[in-house]
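The following exercises ask the reader to work from a structure to a reasoned description of its parts. Each task is followed by a solution in steps.

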Amino acid sequence: MTTTEALQHHYGYLFEPELLEEIKKVGVLKKVQQGQTLMQIGETIKSMPLLLNGAVKVLREDEEGNELLLYFVEKGDTCAMTFSCCMGDKKSGIRAVAETDTELLMIPVGYLETWMGQYKTWQRFILDSYHARMMELMETIDTLAFLRMDERLLKHLQDKAKVTHDDVIYVTHQEIAYDLHTSRVVVSRLLKKIENEGKIALSRNQIKVLDL
DNA sequence: ACATTAAGTGATT
DNA sequence: AATCACTTAATGT
């Protein structure tokens, strides 16, 4: 799929032709491989990404390198957080890693504000995106606060399967432990339990999610 | 065959 | 749910 086609496909129904043209003109295509870091904590961002395909996971991280997964960003999405970051010239409070191979269109900061006034659809898009992100964050908080570890784990696997469009997930227990901020041993034990409940199938370096 | 890495388990806090 | 200590299994060289 060409960049133009992907743009048309995921954003065509949102934006008017003139805006699409502008995006095409000023957007810089960026391809990242799975596992690559897109944004590091403390960096200042100078463009806002529009996801064309693939998925990105957004993590919080403390000084000691402890991680906690916040949410996934999928194709057709943007992370509106970067919008506020760009405008205020603030430093990023999060780390973003490509969950799958991903293509993004990077829009330089300058255009963001101009388009806000110029295009109603752009304004809508940014606002909706903010809202969507906010809801996702609330859901994440709910999950953290009210769900037990085994439920969190299963939910994480289901989310992961969803964004990668594959019911088989290729990860180690250790990596999951990092995402959920727990220990490998706990992940192993709970996965075993969930497997016995017939919801997943385990093998080395991969987990098949049966209960979607 | 040997080393390395991933996963499983019992016991303790 | 976390941590330790140890075992077992899979994989790479």
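A residue counts as exposed if 12 or fewer other C-beta atoms lie within 10 Å of its own, and as buried if 20 or more do. The model examined here is predicted.

**Exercise 1.** Determine whether H165 is buried or exposed, and describe its backbone.

*Solution.* Step 1: locate the residue. H165 belongs to the loop that links α6 and β8. Step 2: apply the cut-off. H165 has 9 other C-beta atoms within 10 Å and is therefore exposed. Step 3: consider the backbone. Most residues other than glycine have a negative phi. H165, although not a glycine, has a positive phi of about 55°.

**Exercise 2.** Carry out the analysis for N205, stating where it lies and whether it is buried or exposed.

*Solution.* Step 1: N205 is situated in the loop between β9 and β10. Step 2: with 10 other C-beta atoms within 10 Å, N205 is exposed. Step 3: its phi is positive, about 65°, and N205 is not a glycine. Step 4: N205 is also one of the residues around DNA strand B.

**Exercise 3.** Establish the strand order of the sheet that contains β8, β9 and β10, and identify the helix that packs on it.

*Solution.* Step 1: the three strands form an open sheet with the order β8-β10-β9, and their pairing is antiparallel. Step 2: β8 (168–169) and β9 (200–203) are the edge strands, each pairing on one side only. Step 3: helix α6 (residues 149–164) packs on this sheet and touches β8, β9 and β10, its direction making about 90° with that of β10. Step 4: between β9 and β10 (residues 206–209) there are four bridges. A201 faces K208 of β10.

**Exercise 4.** Describe the pattern of side chains along β6 and identify the strands with which β6 pairs.

*Solution.* Step 1: in a regular strand the side chains alternate between the two faces of the sheet. Step 2: β6 (residues 95–98) shows such alternation, with A96 and A98 buried on one face, whereas R95 and V97 point to the other and are not buried. Step 3: β2 (residues 37–39) is joined to β6 by two bridges in the antiparallel sense, and M39 has A96 as its bridge partner. Step 4: β4 (residues 55–61) also pairs antiparallel with β6, over four bridges, and here V56 is the bridge partner of A98.

**Exercise 5.** Determine which elements supply the surfaces near DNA strands B and C, and how these surfaces divide by class.

*Solution.* Step 1: take DNA strand B. The residues around it include T172, H173, Q174, S188, R189 and K192. Two elements, α7 (173–180) and α8, each give two or more residues to this surface. The largest share, five residues, comes from α8. By class, the surface comprises three nonpolar, five polar and three charged residues.

Step 2: take DNA strand C. Its surroundings are R148, M149, D150, T182, S183, V185, V186 and R204. At least two residues of this surface come from each of α6 and α8 (184–196). The division is three nonpolar, two polar and three charged residues.

Step 3: compare the lists. V185 and R204 appear around DNA strand B and also around DNA strand C.

**Exercise 6.** State what the UniProt record annotates at residues 18–78, and give the secondary-structure content of that span.

*Solution.* Step 1: the unreviewed UniProt entry assigns "domain: Cyclic nucleotide-binding" to residues 18–78. Step 2: in the model this span is 15% helix and 49% strand, and its end C-alpha atoms lie 20 Å apart.

Methods:
Residues are numbered from 1 along each chain as its sequence is written. Chains are lettered from A and ligands numbered from 1 in the order in which they are written. This is a predicted model: local features need pLDDT of at least 70, side-chain atom pairs count only at pLDDT 80 or more; totals for chains, interfaces and linings use all residues. UniProt positions are given in the numbering used here, feature names are shortened, and annotations may be inferred rather than shown by experiment. Two strands pair if DSSP finds at least two bridges between them. Two residues are in contact if their C-beta atoms, placed from the backbone, lie within 7 Å. Axes are lines fitted to C-alpha atoms, for helices over the stretch in contact, and angles run from 0 to 180 degrees between N-to-C directions. A residue is near a molecule or strand if its C-beta atom, placed from the backbone, lies within 6 Å of it. Ala, Val, Leu, Ile, Met, Phe, Trp, Tyr, Cys and Pro count as nonpolar, Asp, Glu, Lys and Arg as charged, and the others, Gly among them, as polar.
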